[in-house]
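User: Could you take a close look at one helix pair in this model and walk me through how the two pack? I'd also like to hear what sits around the ligand.

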Amino acid sequence: MANAVTRAAVAGCGERRRRVARASRVLVSASCRNNLKKSATPGRFRQHARRVRYPEPKFWDRAMNFRVEHHASSIKNVIFSHRVAAFGNVNLTLYLKSRQRMIDHALDRFLPKENAAPPTIHKAMRYSLFAGGKRLRPILCLAAAEGCKGRMRDALPLACAMECIHTYSLVHDDLPSMDNDDFRRGRATCHKVFGDGIAVLAGDALLTVAFEIAARAKPTRRYSMSEMFREISIAAGSRRLIAGQVADLEAEGKKVSRAELRYIHENKTAAMITTSVRLGAMSANADPKKLRAITKFGYALGLAFQVIDDILDVTQTSEKLGKSAGKDIAAQKATYPAVIGLEASRAEARRLTNTAQNALKIFGKEAELLRELANYLLAREY
Ligand code: GRG
């Protein structure tokens, strides 16, 4: 039956044929034989192929476990992490691992393949994207969707878009004309491997593909696609992420005030984190009160994350961080430890995490993951 369906579906030509054939492989590899039986005509087959792109969570978990079997010895752990998350008693380390795999799998599907022409650029994009980042922004986006009683599959394209933009910013930040770094996410930086020109283009391409990926999301009753695109554009644009980077570059070697430091952190780091959780909430059609609470949470958490990042830069090794430690001092960067001292920075991180937790008071158990994530980030060591 599967062969007949595939033959009928690939009766067209070119890209359509390749897409349908690829979709059929996804179906077969995920053991959806029932779907195949139903999709006996090309039209119905396409409907099913479309559905498979955004599988039901139950199906998704099964497909993820299926895939994980080939990559990790800890399949039991992955299944367990899904279960514990579902029952509220969250084993966070396992939860994070399973979400990272889910996001990696989705990014792999959303991104052009490595051998797509021209291969150099796609290799470079994938080199940086799959270098082992923590996937914090997409994980927060998914958790915010769950916190607002939405579905992860609706938030997934938005979550992946934010990770692509974040990775672009790291690739560009590492360039010799910016931070000039050789080491990122535990491996040589993009420009060290592919050269400066390709690294600039890989960053550009990651930024643009983010919008292509985000376009896979669906509008909700309260939030249109154009609102979501606007949200992403502002966070990544010249008044937020880029504004923070400009202020950071201009502050190098200068004595900055606490207010100036806050401006850098708000824009360089907190804006992207705030937008990640907002998009998750928007994908869940959150009401204005919940969206405001999620925004407060994201903003305070984003600032706390950067304060902790500054602390880790002076307290951890490069091996542990997977990036060059101690660079902030060497480059005379504007950081919390440099401006207010290490102990006061720790206290500030705790205060901000507390603010983030308080913002979630209007939520019930459904926001438990967001609460756990905030505590986890405060205690992180890399
Ligand atoms: C080039 C427009 C442009 C912006 C660059 C991202 C960035 C802005 C600079 C990198 C340096 C830095 C300290 C940025 C603040 C945000 C931050 C802490 C990034 C690192 O995020 P993690 O720890 O990284 O989540 P992984 O690799 O785990 O994703």
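Analyst:
**How α10 packs on α15**

This is a predicted model, so let's start with the pair you asked about. Helix α10 (residues 152-173) and helix α15 (residues 258-283) have axes that come within 8 Å and cross at roughly 165 degrees. Angles over 145 degrees count as roughly antiparallel, and the crossing angle therefore makes α10 roughly antiparallel to α15. The crossing where α10 passes α15 is right-handed.

Now for the residues. On the α10 side you'll find Asp 154, Ala 155, Leu 158, Met 162 and His 166. They meet Met 272, Thr 275, Ser 276, Leu 279, Gly 280 and Ser 283 of α15. Sorted by class, this contact has 5 nonpolar, 5 polar and 1 charged residues.

**From the helix pair to the ligand**

The same two helices turn up again at the ligand: both α10 and α15 are among the elements that give two or more residues to the shell around the ligand. The others are α14 (241-251) and α16 (288-315). α10 gives the most, with 5 residues. In total, 16 residues surround the ligand, and the closest are Gly 133, Lys 134, Ser 169, His 172 and Asp 173. The shell splits into 4 nonpolar, 7 polar and 5 charged residues.

**Another pair to set beside it**

If you want a second helix pair to look at, try helix α12 (residues 196-214) and helix α13 (residues 225-236). Their axes are 11 Å apart and they pack at an angle of about 160 degrees. With the cut-off for roughly antiparallel at over 145 degrees, α12 and α13 are therefore roughly antiparallel to each other. Their crossing is right-handed. Leu 207, Phe 211 and Ala 214 of α12 make the contact with Met 228, Phe 229, Ile 232 and Ala 236 of α13. By class, the α12 contact with α13 is made up of 7 nonpolar residues, with no polar and no charged ones.

**The chain around them**

As for the setting, the protein chain comes to 21 helices and 2 strands. Of its 382 residues, 42% count as buried. Looking at contacts between residues at least 6 apart in sequence, 68% join residues at least 24 apart.

Methods:
Residues numbered from 1 in each chain as written. Predicted model: local features only at pLDDT ≥ 70, side-chain atom pairs only at ≥ 80, totals over all residues. Axes fitted to C-alpha atoms, helices over the stretch in contact; angles between N-to-C directions. Helix = DSSP H or I, 4+ residues; strand = E, 2+ residues; numbered from the N terminus. Parallel < 35°, antiparallel > 145°, perpendicular 65-115°, else oblique. Left-handed = near helix turned anticlockwise from the far one by under 90°. Contact = placed C-beta atoms within 7 Å. Nonpolar A, V, L, I, M, F, W, Y, C, P; charged D, E, K, R; others polar. Near = placed C-beta within 6 Å. Buried ≥ 20, exposed ≤ 12 C-beta atoms within 10 Å, placed from the backbone.
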